[in-house]
Amino acid sequence: ISLSGDDDTLYRDYICEADNGQTAVRTVTLKKATAPAEPNLKLIDSLSTTVELEVQKPSNNGGQPVTSYNYKYYSLKDPGNVKQGVLNGESLVLCFFRVGFNH
């Protein structure tokens, strides 16, 4: 069974029945999903040219599975130079920050 729409009246109790000569009845409550809690960023490693972070799923998913994360990073000295993208999955290890050096 699938309900669609953005009407708040969809979110209530429903009675579901199945019958094969014997009847099974179950009450199901449909709750509106909310925004998930923030994910946790765990520092795995920090080297001179690389920062490795683990993105961990939030403790509260708001009623729907978290399937991707939007991310961005930038230098505090150059906040206009933003790198961004989308990560798919609930827990990923990133190795995305590279800094060039002139010797």
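**Notebook: a look around an all-strand model**

I started with Leu76, which counts as exposed because its relative accessibility is 78%, and exposed means over 50%. I noted that this is a predicted model, so I kept an eye on confidence as I went.

**Where Leu76 sits.** I found Leu76 in the loop between strand E5 (68-75) and strand E6 (78-88). Then I looked up its company on the surface. Leu76 forms a nonpolar patch with Tyr74 and Val82, and together they have about 320 Å² of accessible area.

**Confidence.** Next I asked myself where in the protein confidence is lowest and where it is highest. The low end is strand E7 (residues 92-95), with a mean pLDDT of 54. The high end is strand E2 (residues 23-29), at 95. For the protein, the mean is 80, and 84% of the residues reach 70 or more. I left myself a reminder: where pLDDT is low, the predicted coordinates should not be read in detail.

**The overall plan.** I counted the elements and got seven strands and zero helices. Going along the sequence, I wrote the pattern down as β-β-β-β-β-β-β.

**A hairpin to trace.** I followed strand E3 (residues 40-46) into strand E4 (residues 51-56) and saw that they pair in the antiparallel sense, over six bridges. The two make a hairpin, with four residues between them. Which residue in E4 stands opposite Asn40? I traced across and landed on Gln56. While I was there, I jotted down a handy rule: in a regular strand the side chains alternate between the two faces of the sheet.

**Salt bridges.** How many salt bridges does a search of the whole structure find? The search turns up one. Its partners are the side chains of Asp8 and Lys32, at 2.9 Å from N to O. Asp8 lies in the segment before strand E1 (13-19) and Lys32 in the loop between E2 and E3, so the pair ties together parts that are 24 residues apart in sequence. In general, side chains of opposite charge can pair when their charged atoms come close. I also checked whether Lys32 is buried, exposed or in between. Lys32 counts as partly exposed, because its relative accessibility is 43%.

**Totals for the whole chain.** I finished with a few overall values. Of the 103 residues, 12% count as buried. The protein exposes about 8600 Å², and carbon and sulfur atoms supply 49% of that area. Among contacts with a separation of 6 or more, 34% come from residues 24 or more positions apart.

Methods:
Residues numbered from 1 in each chain as written. Heavy atoms only, no water. pLDDT = per-residue confidence, 0-100. Pairing = 2+ DSSP bridges. Patch = residues over 30% accessible without salt bridge, like charges linked within 9 Å, V, L, I, M, F, W, Y side chains within 5 Å. Areas by Shrake-Rupley, 256 points an atom, 1.4 Å probe, with all protein chains shown as cover. Salt bridge = Lys/Arg side-chain N within 4 Å of Asp/Glu carboxyl O. Buried < 20%, exposed > 50% of the residue type's maximum accessible area, 1.4 Å probe, protein only. Contact = heavy atoms within 4.5 Å.
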